[in-house]
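Okay, thanks for making time, everyone. Let me put the thing up on the screen, and then I'll walk you through it.

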Amino acid sequence: MTFNKKFLTGITFTAALTVLAACGGGGDGGEQTENAGEETTGISIFQSKVEISEQLEAAAAAYEEETGVPVEVIGTTGDDYAQQLQIRLNNQTGPSIFSIQNFEEATRLESYLYDLSGEDFVGDIAPDMELMLEDKLVGIPYGVEGFGIVYNKDLVDPADIADYDSLVSTIEDFNAEGINGFGLSSEAYFLIGHISNYPFSIQEDPQAFMDQVTNGEVTLAETPEFQKFGEFMEVVRENTPNPLDKTYDTQVGDFAAGKTAMIHQGNWAAGMLDEFEVDFEVGMAPFPLEGNDKLAVGVGSNWAVNGDKDQAEIDAAIEFLNWLHTSETGQKFIVEDFGFIPAMTNIEAGDLDPLSQAVLEASNSGETIPWSHNYYPANVVPNDFTPAAESFFVNEDMTGDELIENLQAAWENAAQ
Amino acid sequence: MGILRKWSKEILLLAMAIVFLSPIYIIFVNSFKNRRELYENTLAPPTEFTLEFYEGAMARMDFFNAFLNSMYVTVVSVIFIVILSSMTAWMLARNANWISTVIFMTLIATMLIPFQTIMMPLMQLVTGITRSTGIPLYNSLSGLIFMNVGFNAALSVFLYHGFVKSIPISLEEAATIDGASKLGVFWRVVFPILTPITATVMILNVILIWNDFLLPSLTLIDKELRTIPLSVFYFFGEFTIEWNMAMAGLTLTIIPVVIFYMISQKYIIKGIGEGAVK
Amino acid sequence: MAKRNKIGWYLLFTVPLLIIFTIVVIIPFVIGIYYAFFQWDGISANPMEFNGLDNFFRLMDDERFLRSTWLTVLFTVLSVITVNAVGLAFALLVTSKLKLANLARTMLFMPYLIGGLILGYIWQFVFLDVFTLIGGITGLDSLFFNWLNDEDFALFALVLVFTWQMAGYVMIVYIAGLQGIPGEVVEAAKMDGASGWQRFSRITVPLLMPAFTISLFLTLSYGFKIYDVNLSLTGGGPANATELFAMNIYNEIFGYNNYGYGQAKAIVFFVIVAAITLTQVYLTKKREVEM
């Protein structure tokens, strides 16, 4: 019993203490937030690219030092960004600046997007890289990114993968040698999202084509580019280890270890290749579907300003973006710290890794195909394309044509 | 026969314990490996025990600040939960009328609601209250504590309720005759007997609250307020995880809970001894 | 006077908690019910259209939802059995006079200390590396392969991981229950010549009913609303073969942006699950022995 008595007194005592502490603490918290609102107009940033969080915090600190405007960077994991953004916008605690991925997302959040068309610095955005909703400019590109076939120069001669037939026979030859000739991985975009771009993007007018698919004027199954794409996916399934057994980590790991000769990836993989300390040269080649000889280049994320805030905060947010893209310090952050390939003509690219260099060169020469997935129905890749691709890789008897039909059904389901 | 059976039991227990511990092993060894080493062999011990990733993780997480926040939130929440839910459970169990039944059933029914379906209305309500009354429910540790109490109340009342019944009512009656108030009866007679279940309630709540990510991530904005699970976010990228940092961070996160568990589980066991004496 | 006094005490003991609980859980839940009658994408600036009971009718021929419901029920039934069997066995082992009992009690509880998200990632390693390794060595590759890529086995993988996570948790509850059984009752039975099994089935089990009530309910409720492990282990795949209920709602709300419809699903499922589990609680509570 003695123990219990002590335990009890202890607990009551601490309880009493903490009630006091809680009240005290609570009061402080409240005052802090209110003060921040009254003094100077601070801004907050919420964005999905976790990889640049710390660098962005550093940029925010530098900005605050220069101008005295406090900038709060709100943290999140990559997974739940969209959902958290939605909740914050709904309860009017939204950030002043946030990131949006693409056109579909912008359409949905239209009422929160401030029209940036009138700002000076947006004039420097490279052609076609801005995010437009009709005639309103609502998103400033983070940077340019590109994907294609990332290959090991020791194992692959680019001439051998320059057209569709030789790509297929190269993959088959590698399979005979026990090497993975074409690595995909299980994440939604790395499994089907990015690679599914090609049959759309090599259409004469991809956006018009997608509209036709949505309206039912044309089906994927009757389009030759898609038939060929389905055929290629069969080649992948027959000649490579199941991509569902691979994660992004092991996909790149296999490549770095020389067990995989080619992977379908983008220039963002350069960072991970570094971590794996690759000891060979890598290159990026276009995916030669139906004679395509261009890399797919686009914008992965855009800065947007929350138009739901009061004008002072909106102005402060724009001022920050202006500083980031025009001042020497800001540009240095974009190029060196964030490691972006700038999508602004007034920003000089930094020292680039070979993959980013390939993307930059393609982008500068205009020899690119667009990222169609930015115009897919909202979330169709994780919601519907991925299950379709998964069942294709799990069921050996499903044909490429059936995969295409399932993608068609997925599209219809998402677009309704 | 006895000895053989006893030994086979010991061995079975040891085997199970090792199987159950294996993921902790995976977490621990991979907190020392770089990406290449992790890729080459996830299960092997690391080639060297470098503290590099621990130091890195601690610096990037602003560990001590986050630790204090987590500690404060967890301790205060759990104390409130224990006090309020044990009192409620005792009253509900000892007054078995229809109101008590309705309250009890409502409490436990809400344990079936997936958090994802109420988080949006909850955040609207909470920020609405903060905006209209100035009570800092949003973006403050006190507000987080308040919500923790609300969300974990049902589980705790449920746990207490079942065990209140196993306390002989005669003890309480004796104390009442001696002139003790309800409050006195509860704190001097009932609560001490509840010690084993209090320890259980504390353990389960400490873990839930200490590890919680979703609720704090929705309610806390200021960087200074981040709890430990929130500050680990840096390591979880869009497409990949910085395994070594994340595992180091995770190891640091679970150590305090393990210590707490080892200390408090004694009271679950100690409860027997005392129960037997009575 | 005495009666008023009694009510006063009753309120004093229960009301503080109930107020907090109402604000945090009940009101948001009711607001959620309200949304179920609207066609809405979850963005407050976008139009909300009242559509009566349409969301509820739509449920009935939503095949993906029905499949997900069936999977969730299957998952939960399997898990409740395995978690409680394993958890009770552990509790009996670690409360017997074994040398390793103290150590084991900590070790067995460890999985629960790690959040569900991390756990799922770790088990991906296990299925991918360890299982294929064991399959390769023993030749039993029809049993030891990557379960996560098999439309049937992926669900069992979830059951396995969930059991492994929760067994230590219900063990704690069972330990607390076992501690509550007075030693003299068991001793008396021993003297009367009751065998080990008789003592277990006639004394331990009935006296353990409160612990059963709690453990069954906890596993039922955690099973029905499992999300973390589901997300990180299988992500609902392959091909939606493991898309359990909470994930289905989540995808409806935040993936397809059908907020109202997602809420309607949540409510229907809540009603079904509440009916099942409250019946369970009612039945097992009735069998609890009052001392």
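So, start with α2 in chain A: this helix lies across β1 (43-46) and β2 of chain A, and runs at about 170° to β2(A). Before I go on, a quick word of caution: what you're looking at is a predicted model.

Now, the sheet under discussion. β1 and β2 belong to an open sheet of six strands in chain A, with the order β2-β1-β3-β10-β5-β4 and mixed pairing. Which strands stand at the edges? Those are β2 and β4 (131-133) of chain A; each has a single partner strand, so one side of each is left without a neighbour in the sheet. From one strand to the next, the twist averages 30°.

Let me zoom in on one strand of that sheet, β10, residues 302-305 of chain A. In the strand order, β10 sits between β3 and β5. On the β3 side, four bridges join β10(A) to β3 (residues 97-100), and the two run antiparallel. If you want a landmark there, Ser99(A) stands opposite Trp303(A). On the β5 side, β10(A) is joined to β5 (residues 136-141) by two bridges, and that pair is antiparallel too. Here Ile140(A) has Trp303(A) as its bridge partner, and Pro141(A) has Asn302(A). So much for the neighbours within the sheet.

What about the faces? In a regular strand, the side chains alternate between the two faces of the sheet. For β10(A), are the residues on the two sides buried or exposed? They're buried on both: Asn302(A) and Ala304(A) on one side, Trp303(A) and Val305(A) on the other, so to speak, with both faces covered.

Okay, staying in chain A but moving along to a pair of helices. Two packed helices are described by the angle between their axes and the distance between the axes. For α15 (residues 380-394) and α16 (residues 400-415) of chain A, the axes come within 9 Å and cross at roughly 160°. The cut-off for calling a pair roughly antiparallel is an angle over 145 degrees, and α15(A) and α16(A) are therefore roughly antiparallel to each other. Their crossing is right-handed.

And who's touching whom? On the α15(A) side, the residues include Val380(A), Phe385(A), Ala388(A) and Phe392(A). On the α16(A) side, among them are Leu403(A), Leu407(A), Ala410(A) and Trp411(A). Sorted by type, the residues of this helix-helix contact come to nine nonpolar, three polar and one charged.

Right, let's leave chain A and meet the other two chains. Chain B has 13 helices and zero strands. Its C-alpha trace spans about 70 × 70 × 30 Å along the principal axes, and 52% of its 278 residues count as buried. If you take contacts in chain B between residues at least 6 apart in sequence, 73% of them join residues at least 24 apart.

Chain C comes to twelve helices and two strands. Where do the strands come along the sequence? The pattern is α-β-β-α-α-α-α-α-α-α-α-α-α-α, with both strands following the opening helix. The C-alpha atoms of chain C fill a box of roughly 80 × 75 × 30 Å, and 49% of its 291 residues are buried. For chain C, the share of contacts joining residues at least 24 apart is 72%, again among residues at least 6 apart.

Last topic: how the chains meet. Between chain A and chain B, the contact takes 40 residues from A and 38 from B. On the chain A side, the largest share comes from α1(A), with 13 residues. Our friend α2 (53-67) from the beginning is also one of the elements giving two or more residues here, and so is the edge strand β2 (71-74). By type, that side of chain A divides into eleven nonpolar, 21 polar and eight charged residues.

Then there's B with C: 69 residues of chain B are in contact with 72 residues of chain C. Which helix gives the most on the chain B side? That's α13(B), with 13 residues. Other helices supplying at least two residues include α1 (2-30), α4 (63-94) and α7 (141-164) of chain B. The breakdown on this side of chain B is 50 nonpolar, 15 polar and four charged.

Key:
Residues numbered from 1 in each chain as written. Chains lettered and ligands numbered in written order. Contact = placed C-beta atoms within 7 Å. Nonpolar A, V, L, I, M, F, W, Y, C, P; charged D, E, K, R; others polar. Buried ≥ 20, exposed ≤ 12 C-beta atoms within 10 Å, placed from the backbone. Pairing = 2+ DSSP bridges. Axes fitted to C-alpha atoms, helices over the stretch in contact; angles between N-to-C directions. Parallel < 35°, antiparallel > 145°, perpendicular 65-115°, else oblique. Left-handed = near helix turned anticlockwise from the far one by under 90°.
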